[in-house]
Amino acid sequence: TVATTGFNLRAYSVADDAEINNLEKSAVMQFRFDFLTKLISTATEHKTTFDGKVRQYKSGEVIVACDVENGESIAGVITVGIKDVFIQGKPARIGFLSNLRVHERIQRRGLASLLIRSIEERCLASQCTHMLLTVNGSNARARQLFARHNYSLASKRRLTMTPLWFRYRPDPAVQEMSSVAGAVARTAEHYGKRDMALADFQELFSQKPFLGMFTLEDEATGSKAGACLWDASTLRGFAFQGHIPAFISRPGVLPALSTAACSMAAYRAFSLWTLWPELGCFMFVLRGLFDLSVAIALWAVYSVLRFALVERKLRIFRIIAPYAEGPEGQTLLKRVANHIKHVARDRHGAAVIMINMADGDPLTPVLGKTWGPPATHFLIKPLLEGQPATPLAADGFFDPRDI
């Protein structure tokens, strides 16, 4: 590998974390204009060692690429988690590829392709039948890269995102199933051998981020519904970067902004009152409504910044494994979802609830409004000769580790 490419591929060690974190900081949310990216952007922030995500799977591997010509500095990295699932009702072993990162100075030198081929060879040696990965729908460059390696579209998922600014009332009829064994049995009952359903849900629900299953039944109609809560902030989060977050995070800045806004509002109210004889009734009301609208907008921005960045530090939770059966099943699922939002916010300090639903899933409209075009594309590649690249069914299982 060194002789032909100038890169040395080796296994990851914890000592690599500092370099890998610096590598990931370059993979920020980019805006069309550079000055906006400098003002505010996001990057992945790992809360444990870099291989934390891989350790959630049955087995996995992290491969690091070192640049021989640059003092063996880390130039790229890739991870894979291996799990047993069902595809079209048949057992399959999946290698889930993720965290492909290549330093910007090394890009277009073939390192990404080298890492992909290397991880595929290891998965094949582990009896994997398919590779699976996710890319952002807007990332045309990544989709083109994987298309060259014979990955094809398996499914598209849309994001339902609910900021938890306001409280949700608890639903006393909703039952909380804290038993992992009970959650495993109930999920296996409803998802069975659907696409991407795990061969053993114990592998997922025994993880620390799993916070329980919530169910609701209506005996009169034979309807039932349920879903699980998953803490997506256990292993990693999103760190804000740029001039605006750096300024806001300084001690005393948010209270100072709040005081300044209140003072400005009081001054504007006093000034408006003194102009009452000159303005007349119509202009007085018009100016008053304008000033009130500006004050409400500024207070909303302040509240969001304080809620997301200070109080809750953008803690993101997910609703996973939803199901609904019977004539009232979807109505029951809405109640379950609202109760889960209450639990996530008031018991666990969540800032946002997210749900990833596939295009065509009948439960998508039940769980809230989706945002824009499909945000996530799942790409699949058969590793065994003669196997077709089969699209995944819309009602398949979504594994929160795969995002």
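This is a short tour of a predicted model, stop by stop, with something to select at each one.

**Stop 1: strand 4 and its edges**

Start by selecting residues 73-87, which make up strand 4. Just before the strand, pick out Glu 72, in the loop between strand 3 (59-67) and strand 4. Check its backbone angles: the phi of Glu 72 is near 60 degrees, a positive value in a residue other than glycine. Most residues other than glycine have a negative phi. Is Glu 72 buried, exposed or partly exposed? With a relative accessible area of 35%, Glu 72 is partly exposed, because buried means under 20% and exposed over 50%.

Now go to the other end of the strand and select Gln 88. This residue is in the loop between strand 4 and strand 5 (90-102). Gln 88 also has a positive phi, of about 55 degrees, although it is not a glycine. Its relative accessible area is 54%, so Gln 88 counts as exposed.

Step back to Ile 87, which belongs to strand 4. Ile 87 is buried, at a relative accessible area of 8%. Add Gly 396 to your selection and draw a distance between the two C-alpha atoms. Ile 87 and Gly 396 are 309 residues apart in sequence, yet 9.3 Å apart in space.

**Stop 2: salt bridges on strand 4**

How many salt bridges does the model have? The count comes to 17. Let's visit a few of them.

Select Asp 84 and Lys 58. The two form a salt bridge, and their closest N and O atoms are 2.6 Å apart. Asp 84 sits in strand 4, while Lys 58 is in the loop between strand 2 (41-46) and strand 3, so the pair ties together parts that are 26 residues apart in sequence. Colour by accessibility if your viewer can do that: Asp 84 counts as buried at 18% relative accessibility, whereas Lys 58 is exposed at 54%.

Next, select Lys 83 and Asp 402. Their side chains meet in a salt bridge, with 2.5 Å from N to O. Lys 83 lies in strand 4 and Asp 402 in the segment after strand 14 (376-382), so this pair ties together parts that are 319 residues apart in sequence. Are these two partners buried or exposed? Asp 402 is buried, with a relative accessible area of 3%, and Lys 83 is buried too, with 0%.

**Stop 3: helix 11**

Move on to helix 11, residues 329-347. Does its length add up? What span should its 19 residues have, at 1.5 Å a residue? The expected span is 27 Å, and the end C-alpha atoms are 26 Å apart, which agrees.

Turn on the side chains and look for the buried ones. Among them are Leu 332, Leu 333, Val 336, Ala 337, Ile 340, Val 343 and Ala 344. The buried list also includes His 339, Lys 341, His 342 and Arg 345.

Zoom in on Ile 340, which is in helix 11. Ile 340 is buried, with a relative accessible area of 0%. Now find Ile 353: Ile 340 and Ile 353 are 13 residues apart in sequence and 9.2 Å apart in space, C-alpha to C-alpha.

Slide along the helix to Arg 345 and Asp 346. These neighbours form a salt bridge, the closest N and O atoms being 3.2 Å apart. Arg 345 counts as buried at 11% relative accessibility, while Asp 346 is partly exposed at 33%. For a bigger group elsewhere, select Lys 83, Glu 203, Asp 399, Arg 401 and Asp 402, which salt bridges with shared partners join into one network.

One last look here: helix 11 is followed by Gly 349, whose phi is positive, near 75 degrees.

**Stop 4: a patch on helix 10**

Switch to a surface view and select Val 285, Leu 289, Leu 292 and Ile 296. Together they form a nonpolar patch on the surface, with about 370 Å² of accessible area. Leu 289 is found in helix 10 (residues 276-311).

**Stop 5: the cavities**

Finish inside. Rolling a probe the size of a water molecule over the atoms shows where empty space is left. How many cavities of 30 Å³ or more are there? The count is 2, and the largest cavity has a volume of about 120 Å³. Of the 15 residues that line this largest cavity, select Arg 157, Met 196, Phe 378, Leu 392 and Phe 397, the closest to its centre.

Notes. Residues numbered from 1 in each chain as written. Predicted model: local features only at pLDDT ≥ 70, side-chain atom pairs only at ≥ 80, totals over all residues. Heavy atoms only, no water. Helix = DSSP H or I, 4+ residues; strand = E, 2+ residues; numbered from the N terminus. Expected span 1.5 Å × (residues − 1). Buried < 20%, exposed > 50% of the residue type's maximum accessible area, 1.4 Å probe, protein only. Patch = residues over 30% accessible without salt bridge, like charges linked within 9 Å, V, L, I, M, F, W, Y side chains within 5 Å. Areas by Shrake-Rupley, 256 points an atom, 1.4 Å probe, with all protein chains shown as cover. Salt bridge = Lys/Arg side-chain N within 4 Å of Asp/Glu carboxyl O. 1 Å grid on protein atoms, 1.4 Å probe; cavity = no way out; pocket = protein on both sides within 12 Å on 5 of 7 lines; lining within 4 Å. Points joined across faces, edges and corners; volume = space filled by probe spheres on them.
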